[in-house]
Structure formats: structure tokens, C-alpha cells
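Please open the model in a viewer and keep the sequence panel at hand. The tour below proceeds from one selection to the next and states what is to be found at each stop.

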Amino acid sequence: MAPRKNTKRAPNFRRLLKTSNVKLANKLKNKQYKQQNVAKKYRKEQKQLRQAARDVSAKVPKPLDQPKRKRPDDEYEMEEEHLPLDMLDDDDLEYMQSVGRSALFLTRNLNSSEPIHVKKRKNENKIAMYEKLPRHLDTEPDKEYIHLLPFKDKRGIIPRSVEKPVAMEEEEEEMPEVVQQHEEVAAMEPLPLLTMEERLLLRRKTLEDKKIHIATLGSSILSAPDKNIKKLKELRSMLMEKDPHVAVTVRKLVMVSLLEIFKDITPSYRIRPLTEVEMTTKVRKETLYLREFEEGLVCQYKFYLENLEQTVKDWKQMKKKKSNVVSLKAYKGLAEVAIKCICELLLALPHFNFHNNIAVLVVPLMNDRSRKISAMCCEAVENLFKQDKIGQASLCLVKIISGLVKSRSYDLRPEVLKTFLTLRIKEVEVKKDSEDIAPKKRFLTCKEKKKNLSRMQRKWKKAEEKLEKELLETEAAESKDKKLKLHTEILNIVFLTYFRILKKAQKSAVLPVVLEGLAKFAHLINVEFFDDLLVVLYSLIDSGSLNHRECLHCIQAAFHILSGQGDVLNIDPMKFYTHLYKLLFALHAGNTNEEVLLMLQCIDVMLTKRRKQVSLQRAFAYIKRLTTLALNVLPNSAIGILATNRVLMNSFPKMDILLDNESQGSGLYLPELDEPEYCNAQNTALWELHYLQRHFHPVVQRFAAHLSVGAPSEGSGALRPELSRKHATELFEEFSMKGMTFNPPITSSTSNKKKPAMQCAFLDSELQNQINRLLENPPDTKGLNFVEDLQTESCT
């Protein structure tokens, strides 16, 4: 039977990759230990064979049993040893001695192929025999052999040996090292140089493959989210793209794709973790399948948020951390996409898990140095405040913003606190929402019950209707109480933030926003704080450290306080009227033109809504000064001021004396006096309307003409309905000139009239003819202007 071949194959590279390093090390140690044992045993055998060969070459045959020489005093022992030989016959003894002197198989030279019974040569020369032996170069490596069983032929016993395949085993053991060396050499070898066009084509092809892969994964997840939830992990792993040529683009695409996927497959409820009892309870397959889907969704959503957060942190620490995949310049674009995804999740999934974590990540970015990122986050928070009706998400954000303001020592962007102005906290909206939440249900009347139902049915129906009424009242009361409680807590935090800034940071950049917020929510402040708050507001105005806009916000906040619950207080805000009257002439057509809108809101709160508490002299003074201000502002501001004067003339009927030039009163009008009660405005006339009727703006002309005839509601001097029904602030916004254009635009005439040729006595006849021909047929506008300038200079 032929020996079985060694079919063991060398492990390939993929199998080596799948094997752990510990297992490979143990395997290598076992092989080395086995080889050491085999080598030790082999050396021992070789040593015995060499010893036997040396004995044969010495030609000293040794008997099998040679007695040791004993000392004379041991004769008794020697006699005992020779006892068995005395028992043998002479013939047997001679045979045994001859066998002992003969060369045996174990003692003869195995390298020689001579038969055993060859006669020994006499006087043999050992040096000549040594010279006849073949030489081996020392440079050749020593080979190890495996001795096999010998065989016998006519010449004698011939030994057999086979070379040991040690080199093959060493190659198999060193296979991982060889593979690793090949990889290192391949990595050290430079890649073939590509041209710029080849690089772009390669990048475009790689990017297209990545896009197709992302689209395939996304479509499979959206088609069956419960079955393909594991593919979210594969898609999320592409956020760690290592190819430096397409890493930034691929990461951006994956971020946006995962955003849309989570917005689509996320349920409309919060997924809570299972309790120990629920995990041990047996459930149906459908319930178990749903639990696995929800658990996988929450897990992948959490990892996605962590990746987005890590991207933002890497951008923040880009000076300390360097990467070979994404450059420092590309980190900002990558972070902007990540922040945009976070803001979208904040708006789209306010009910889902980890919403508070998203809020904690977004709020500090509202105060970021980058204006684009700050505006993005502030816009997201404002939109969330606008769409949040109950107030749960708004409360969380307000708490975080309040903590940020305190931790920054009130040194932050005004846009952060300006988001409070979009909070939906109004008593009317609360009542309206509670009515919507508690729907009205129609119950059967007594006649309908008797006609359609039996006695027993009527009894059951009555009990059922009573129970339904109680349930509806309970639901409405719970939702209403919950909403009022949340809104009250939000307002407490907002006012606490505002009052801290008023007390500790009156010179902060966020003070105008605080005053604006107080003006909006002043009617919701507790009455106990009104006196102290009015004192603080007036002290800020009187300090002189505020600009015009901040002063107007203080005045507006003070009158909002007095117009709501402050009506019960007996407070005369004469100081605020005086300050606003003095502030009117500080406005003009320059950079303060936009503050006219805020001034119009203050006039509406101070004069129109409080007309019963305003004296006639004060109203005369304000109308006179407002009409004078209309001459010094832009058209949209002039229209708003004249619209306000129209409302004041209708609210105070005795204003007609300002349109009469012949009326006389006591005293002389003092326009430079800043006290509206003592400037004697009733002794003057609104002569400014005469100039405003010749204004270049057509709407200003109409308003001036309307006020000149007493602001009638009917007749020839009445305004058109589209102008008379709008508020002053609406007209201000409608005719705004922010685009540096006329509003309404001026219609240009389509007929192009030929300009007559200018004659000049000082020009030559030929030059005059050339100029006339160019004027009649100008090549373009620039050429026409050039010819006219040339002719004017020539005449000069």
C-alpha cells in the first residue's frame, strides 16, 4: 500500500485574518514544542549511531558479556560468577566465545556495504582510508534525515534514510510573517502616479458607487423598516468612511439620508425601556417582533446622535486633533451639516427619545462664534417655540437657556434671549386650546328618549351619558391644568432671567432684548412686582446710559404693565410721557428711521388706548410734534406718523382748533420746551400739512390733504379703504424702502423724445455738425452722455 500523501494545505490570507492573534500564538508554541521533542529524540539516535560507527572503525570487537576484572580479595565473588560457565560443555563454551568475537549488526559500520564474513585486511592504513572518504563543503547546510528500516541484498544489509521535510513546516509556520512582510512591502511601494484628470474620474466613479449603495440601503429600509432594521447599522457605518478623496461628501450624504429615514420610520410615541417583569413575561410573536424593532430603532438612533455630536466636537477641537481622512478646512462644512441635522431632529421629533439630549447640544451652539451656526440654531429654537402648544418641549429649552445665561455671566448674543419672544404664552390661546381639547357632544333629549328607547334602555342611557360627561370634564380639566402649569413655570423662569439681568447686568448687550421681552409679557407679571419694576425702568431711562431704542423699550414695557393688571394701580406715568416727548426729535431719516416703528407702538399704547387718562394739552403737544417730525423722516415713517395723527384726531374731537389759523388762546407756543403739558400747543396750527401736500410721495400727499380738511370718513377728502382700514404699523411696513427703491414704483414714460441739438456760437461749423449727428443717432446711452458733456465743455 502506497504511503498516504500529506494533503494539508497552507492557510490562505482570508483564513489568517479570521484567526485571532492569541490562537495563532498558541498554535506556534505547540508546533515549536513538538519540534524540540522530535529534534531531541533524533539527536539522541544520531549520537548512538555515531558511537556505533566509531566502535566499528576502531576494529575492537567487544563480546556481549565480558566479565569485569576483580581484585584478588574478591575471589569468592569471582567463583560465584564463573559457576554457570562450569556447568557448560566445552563445545558450547567455544561457540559462545567465537560469537562474542565476531562483528554483530549493532557493532559494525553501517556506512559500509561489505558482507559480514569478509576477511580483515592486515596492516590497514587508516590515513589512506580517511583520504578516500568523500568531502562535504561546510557552506552547505546540515540536512536532517529520517532513518528507515534497512534491506538486505547480495552485498549485505543496506541502510535507508529520507530527508526530513523540516523546511516545509517552517514555511507553513512563518506564513503569517511572510504575508505581513509582503503587505508592508506593498504599502511602502509608491502608488502609480495619476494625472489630475484620472484622479477626478476615479473620484467621480467612487462617489457614484457610494451614492448608489446609500440609495439602495435607504430604499430597502423605508420599504420594510421592521425587516431591514439591521441595515441601519450598515448605513451608519459609512459615517466612518476612510477614503480621503470622498470621505467628506459620503459622510454628508449619509447624515442627511439617516435624518430623512429616522423622520419617516420613527413612531409618534416615546419608547420606554422594558421592566424586568415585562422581559420575563411571555408574549405573542407579534409583540416580541415589535419590541425587537423598537429596541433596534432606539439603539441606532442613539448611535446616530452620538456620531453627530462627535462630529461637532471634532470641529471644535480641530486645532488639537489632526486627521488624515478629513482636512481641517472640511471639518467646518461637515459640522454645519451635522448641526443642521440635529436642528431638524429637534423640530421633527420633539416627542421621541433623547429630545432633551438634543436640546442640551443645540442651546450652547446658539451662542457660537460662527454667525451662520448661531442663526441656524436660534431659528430652530424659535420654530419649536412657535409650534409647541402644550409647553413640554419649551420648558426644557427655557431651563437650558436660563442656565446658559447664568453660566456665561450674561455675556452672550442677544439672539439667544430673543427666542423668548416667540413663546406661545397668552391667556386667550390657553382658553381657546382648552375649548378645542374638550369637544362638545350632543346628548338625546327627553322626547327622543321616550320615542326611541324603552324604559330599561332609557335607564342605561342615562347612566352612560352621566359617565361620559364626567370623563369629558376630567380630560378637559386635566389638559387645561397641565397647560397652565407648564406655562406658569416657563414664565417664572423667563422673568427670573430678565430680573437677574436688570439687577446685575444693566450694561450688558442683552438688555434691549430683556426690555423688549418685558414689554411683551408685562401683562402676565404679578401685580406685586409692578411698583418695583416701574422704579427700575425709570431709573434706567434717567441714567442716560441707554440708546434711543432701549429707552423706547423701557417706555413700552412700563405702559404694557399699566394697561393690563396695572389699571387697578393709581400711578401717574407723567415722567414716561415727558421722556417720550423729548425723544421724538432725536429720530430722523438716518439710522434711527427703523426706530419710528417702535415709537408708533408706544404712541398707540400711551395715547390711543389710554385716551381717557390723557389731558387735552398733552394730546395737542404730541400731535404738533409728530407732524413736525413727519417732515424729517423717510416716506414710510411719514405715512405711519400721519396715520397715527388721523387716529388721534378722531379720538380727540377738539383737535380741529389746530387747523384754524384765526383761533387764539392764552400764551405763546414754545416748541423747544420738553414739557407737553406747558408748551401751549393749542395756540399754534399744523402748518406742516401745507408742505406735506407737496411731498414727492403720492401717499404722503393724500394723507396730508386728508388731515388738512379734518380727517373726514366720508366725502371728497376721505381716504381710500385700503389706506383707512390699516394700522399705522402696517402702513409703515407696507411702504418700506429697505430695497432702496420707490414704493410704489414710479412709472417711466415709454416715448423717447429727441433732444434738440444745442447750438453754440463758439464751436466750429464742422464740430457742431458732428455733435448734431451724434445727438440725432446716438450709439448708446454712454455715447449720448459723452457727447453732451463734450458739447458743454466746448461751450464753456
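Among the contacts in the protein chain with a separation of 6 or more, 69% are accounted for by residues 24 or more positions apart. The model shown is a predicted one. With the whole chain displayed, 34 helices and two strands make up its secondary structure. Of the 796 residues in the protein chain, 34% are buried. The chain exposes about 54500 Å², of which carbon and sulfur atoms supply 54%.

**First stop: a surface patch**

Please select Ile146, Leu148 and Val162, which make a nonpolar surface patch of about 220 Å². Ile146 is found in strand β1, which covers residues 145-152. Its relative accessible area is 38%, so Ile146 is partly exposed.

**Second stop: salt bridges**

Side chains of opposite charge can pair when their charged atoms come close. The structure holds twelve salt bridges. One of them is obtained by selecting Lys316 and Asp368, whose side chains meet at 2.1 Å, N to O. Lys316 lies in helix α13 (residues 285-316), and Asp368 in the loop between α15 (355-365) and α16 (371-387), so this pair ties together parts that are 52 residues apart in sequence. Lys316 is partly exposed at a relative accessible area of 47%, whereas Asp368, at 6%, counts as buried.

Next, select Lys372 and Glu336, whose side chains meet in a salt bridge of 3.4 Å, N to O. This pair links distant parts of the chain: Lys372 is in helix α16 and Glu336 in helix α14 (residues 328-348), 36 residues apart. Which of the two partners is exposed, and which is buried? Lys372 is exposed, with a relative accessible area of 51%, while Glu336 is buried, with a relative accessible area of 16%.

Then move to Arg720 and Glu722, which form a salt bridge with the closest N and O atoms 3.2 Å apart. Arg720 is partly exposed at 38% relative accessible area, and Glu722 is partly exposed at 40%.

**Third stop: aromatic rings**

A pair of aromatic rings is described by the distance of the centres and the angle of the planes. With ring centres required to lie within 6.5 Å, the count comes to eleven aromatic pairs. Select Tyr538 and Phe576, an edge-to-face pair with 5.8 Å centre to centre and 80° between the planes. Tyr538 lies in helix α23 (residues 530-543) and Phe576 in helix α25 (residues 574-583), so the pair ties together parts that are 38 residues apart in sequence. Tyr538 counts as partly exposed at 26% relative accessibility, but Phe576 is buried at 7%.

The rings of Phe559 and Tyr577 are the next selection; their centres are 5.1 Å apart and their planes stand at 75°, so the pair is edge-to-face. Phe559 belongs to helix α24 (residues 548-563) and Tyr577 to helix α25, 18 residues apart, and the pair links distant parts of the chain. Phe559 is buried, with a relative accessible area of 1%, and Tyr577 likewise counts as buried at 1%.

With Tyr577 still selected, add Arg618, which lies over the face of that ring at 4.4 Å from the ring centre. A further example is Arg625, placed over the face of Tyr581 at 3.9 Å from the ring centre. To finish with the rings, select Phe262, Tyr301, Tyr304, Phe352 and Phe354, which form one aromatic cluster.

**Fourth stop: a helix residue and two loops**

Select Thr628 in helix α27, residues 616-629. Thr628 is buried, with a relative accessible area of 18%. Leaving aside residues up to four places away in sequence, Thr628 touches Phe585 and Glu688.

Most residues other than glycine have a negative phi. What is the sign of phi in Asn680? The value is positive, near 60°. Asn680 is located in the loop between α28 (635-651) and α29 (688-692), and is partly exposed at 22% relative accessible area.

The last selection is Ala711, which has a positive phi of about 55° although it is not a glycine. Ala711 lies in the loop between α30 (698-708) and α31 (721-724). With a relative accessible area of 8%, Ala711 is buried.

Terms used. Residues are numbered from 1 along each chain as its sequence is written. This is a predicted model: local features need pLDDT of at least 70, side-chain atom pairs count only at pLDDT 80 or more; totals for chains, interfaces and linings use all residues. Side-chain values use heavy atoms; hydrogens and water are left out. Patches are made of residues with over 30% relative accessible area and no salt bridge: like charges are joined within 9 Å, nonpolar side chains (Val, Leu, Ile, Met, Phe, Trp, Tyr) within 5 Å. Accessible areas come from the Shrake-Rupley method with a 1.4 Å probe; for residues, only the protein chains shown count as cover. A salt bridge is a side-chain nitrogen of Lys or Arg within 4 Å of a carboxyl oxygen of Asp or Glu. Helices (H or I, at least four residues) and strands (E, at least two) are DSSP runs, numbered from the N terminus. Buried means under 20% relative accessible area, exposed over 50%, partly exposed in between (1.4 Å probe, protein chains only). Rings of Phe, Tyr and Trp (its six-membered ring) pair if their centres lie within 6.5 Å; planes under 30 degrees apart count as stacked, over 60 as edge-to-face and the rest as tilted. A charge sits over a ring if NZ of Lys or CZ of Arg is within 6 Å of the ring centre and within 35 degrees of the ring normal. Contact means heavy atoms within 4.5 Å.
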